[in-house]
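The exercises below are meant for a reader who is meeting this structure for the first time. Each begins with a task, and a worked solution follows step by step.

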Amino acid sequence: MAPPFKLLSSAVVLFSALFANAAIVSQTWTAAAKVIAPDGFQRTAALINGQYPGPLLKANKGDTVFVNLVNNLNDPTIRKSTSIHWHGIFQPRNAFNDGPSFVTQCPIAPNHTYTYQLVLGQQAGTFWYHSHLSTQYVDGIRGPLVIYDPNDPQKHLYDVDNENTIITLTDWYHPTALISTNQFINEGASEPVPDSGLINSAGRYSGGPAVTRTRINVSRGLKYRFRIISVSAEGTFDFAIDNHRMTIIEADGISTVPYTVDSVMVIPGQRYSVVVNANQTIGNYWIRATQTIRGATTQPSNPNFNGTDVYAVLHYAGADNNEPTTPQPVTLPPGGVAFQEFQMSPLIDPGAPRGSSPPDKVFNFTFSPGPNSPNAAVWIINGIQYQSPTTPTLLNILANKNATFGPNEQTFVLPYNATVEVSFIGGAGHAFHLHGHTFDVIQSASGGPPNYINPPRRDVVASGSAPNGNPVRFRFLTNNPGPWFVHCHIDWHLEAGLAAVFAEDPAGIRSGPQSVQPNPAWEQLCNIYNSLPASDQ
Ligand SMILES: [Cu+2]
């Protein structure tokens, strides 16, 4: 049996600090509205430091990160308060810095600041950050977070791994999130469809200008670690590079046994590191990130959307500056290998917690659109639409020894040191994410038999039924006290209620060696937020 997930202990932190050059990474970020046009259409966006994608937050394994967030969001077309989630970071004893509004904090009011501290522990790999207040990340507060491991066990597989090898995939919208959300949630509109797909900072929409494609520069003879990050709110991207195979070595912050494919499907919130050998004739090659919404590359409700027109250029040093001339249809090369999730295994400590022995807790999450849809958008799990409480779940747990939760908080108390198995029953096309943990996908939608020995380990999984008819199932061990959000990462579905909260070891949150002890600035957030006029919230 595989050893259980190793807890971050204070001894490990001390060891890192003394012997591994653990550093303090300190940044100040300003969130503000700004007009940008990454696909040629000018719109007001919510940005960190005026950039899209947001600035790269990078650190080394074991570092401690401080992000002083200055909220200067003052444009009435954008939600003015904010909070930021650090997607994939476990945050042991640090749930108050996890970021989801009304689960672990009140939002940060405009013209206020809050400093997030991230405890990285032994995590390394490819992550991202995004606003976690309503659908605000659609407006642009989303960016890459990379933790480099100077002793990466797979370092010998690649030569180059830097800021220029990070590739973000974005579904981009022309209306602001407030407009789209209101139309979807309150006015009976169908789900918002993006206008374009961006690779890093550039994309095109149907009928729009010929925006210069993003260029990824390589030198022939070198091997590159591309870190592919879906910062998407809805679109799924099928990623491939003409004439180049990709060897997956990491998924969602977990090193994987090398797995070579010709294309990889990336759903909202997922990340992959792939090694690409620049061993082809010097030239320009298409990087393709075909975008689909509900499985289709066109959507009648938005004629701007052309999912087949999402490209960047892989440019070899010495090649001309023209775009590739190869045809653009999206096909797997003859004999090509398409990624199948169930073929992927963790490199280190594989195996579901406690193997195939029966889990301590089982949750069968049966989800569907709610009874009110399509007149109002509602998504439910086991008959209940998640609705945010006004008091954040973490604050409720900290303040009340016998905390109770309203029915729409969909909050489930978990004991410490338990194996938890969760099934998602309700069909394909969703992207379920769990905060505070990775999980072992013992039944993947991509097929394969149930696997307890070396299943894929990650933090966002596609829903659906495997070919054997079994729903997607994952397991995790409750070793990290905190209230952890579990939700669809299609942001429109989250807003419509497709979410739940695991209140992991409430007593352990309140006291003991893994207790969560927020700082005074955090404790002020609710007072400040609750005193705001609605227009500033
Ligand atoms: Cu969904």
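**Exercise 1.** Locate valine 276 and work out which residues it touches.

*Solution.* Begin with the secondary structure: valine 276 sits in strand E18, which covers residues 271-277, where helices (H or I, at least four residues) and strands (E, at least two) are DSSP runs numbered from the N terminus. Next, consider its cover: the relative accessible area of valine 276 is 2%, so it is buried, a word that means under 20% relative accessible area, with exposed meaning over 50% and partly exposed lying in between (1.4 Å probe, protein chains only). Then list the neighbours: leaving out residues up to four places away in sequence, valine 276 touches Leu222, Lys223, Tyr224, Phe226, Ile241, His244, Arg245 and Met246, a contact being heavy atoms within 4.5 Å. Finally, take one distance: aspartate 152 is 124 residues away along the chain, and the C-alpha atoms of the two residues are separated by 17 Å.

Before going further, note that this is a predicted model, in which local features need pLDDT of at least 70 and side-chain atom pairs count only at pLDDT 80 or more, while totals for chains, interfaces and linings use all residues. Residues are numbered from 1 along each chain as its sequence is written, and side-chain values use heavy atoms, with hydrogens and water left out.

**Exercise 2.** Determine which residues coordinate the copper ion, and describe the surroundings of isoleucine 490.

*Solution.* First, find the donors, which are N, O and S atoms within 2.8 Å of the metal (3.2 Å for Na, K and Ca); water is not among the atoms, so sites may look incomplete. The copper ion is coordinated by ND1 of His430, SG of Cys488 and ND1 of His493, at 2.0 to 2.1 Å. Second, read the spacing of these donors along the chain, which is H-x57-C-x4-H. Third, check the cover, where cysteine 488 and histidine 493 are both buried. Fourth, turn to isoleucine 490, which lies in the loop between strand E30 (482-488) and helix H4 (491-495), and which counts as buried at 5% relative accessibility. Apart from residues up to four places away in sequence, isoleucine 490 touches Ala233, Glu234, Pro268, Gly429 and the copper ligand His430.

**Exercise 3.** Compare the surroundings of asparagine 49 and glutamine 91: is each one buried or partly exposed?

*Solution.* Start with the backbone: phi of asparagine 49 is near 55°, a positive value in a residue other than glycine, and glutamine 91, also not a glycine, has a positive phi of about 55°. Now place them: asparagine 49 is in the loop between E2 and E3, whereas glutamine 91 is in the loop between strand E5 (84-87) and strand E6 (112-119). As for cover, asparagine 49 is partly exposed at 34% relative accessible area, while glutamine 91 is buried at 0%. The loop of asparagine 49 also holds proline 53, which is joined to tyrosine 52 by a cis peptide bond with omega of about -10°.

**Exercise 4.** Describe the protein chain as a whole, beginning with its secondary structure.

*Solution.* Count the elements first: there are 6 helices and 31 strands. The radius of gyration, taken over C-alpha atoms, is 22 Å, close to the 24 Å given for 537 residues by the globule rule, so the chain is as compact as a globular protein of that length; the rule is 2.2 Å times the number of residues to the power 0.38. Lastly, 58% of the 537 residues count as buried.
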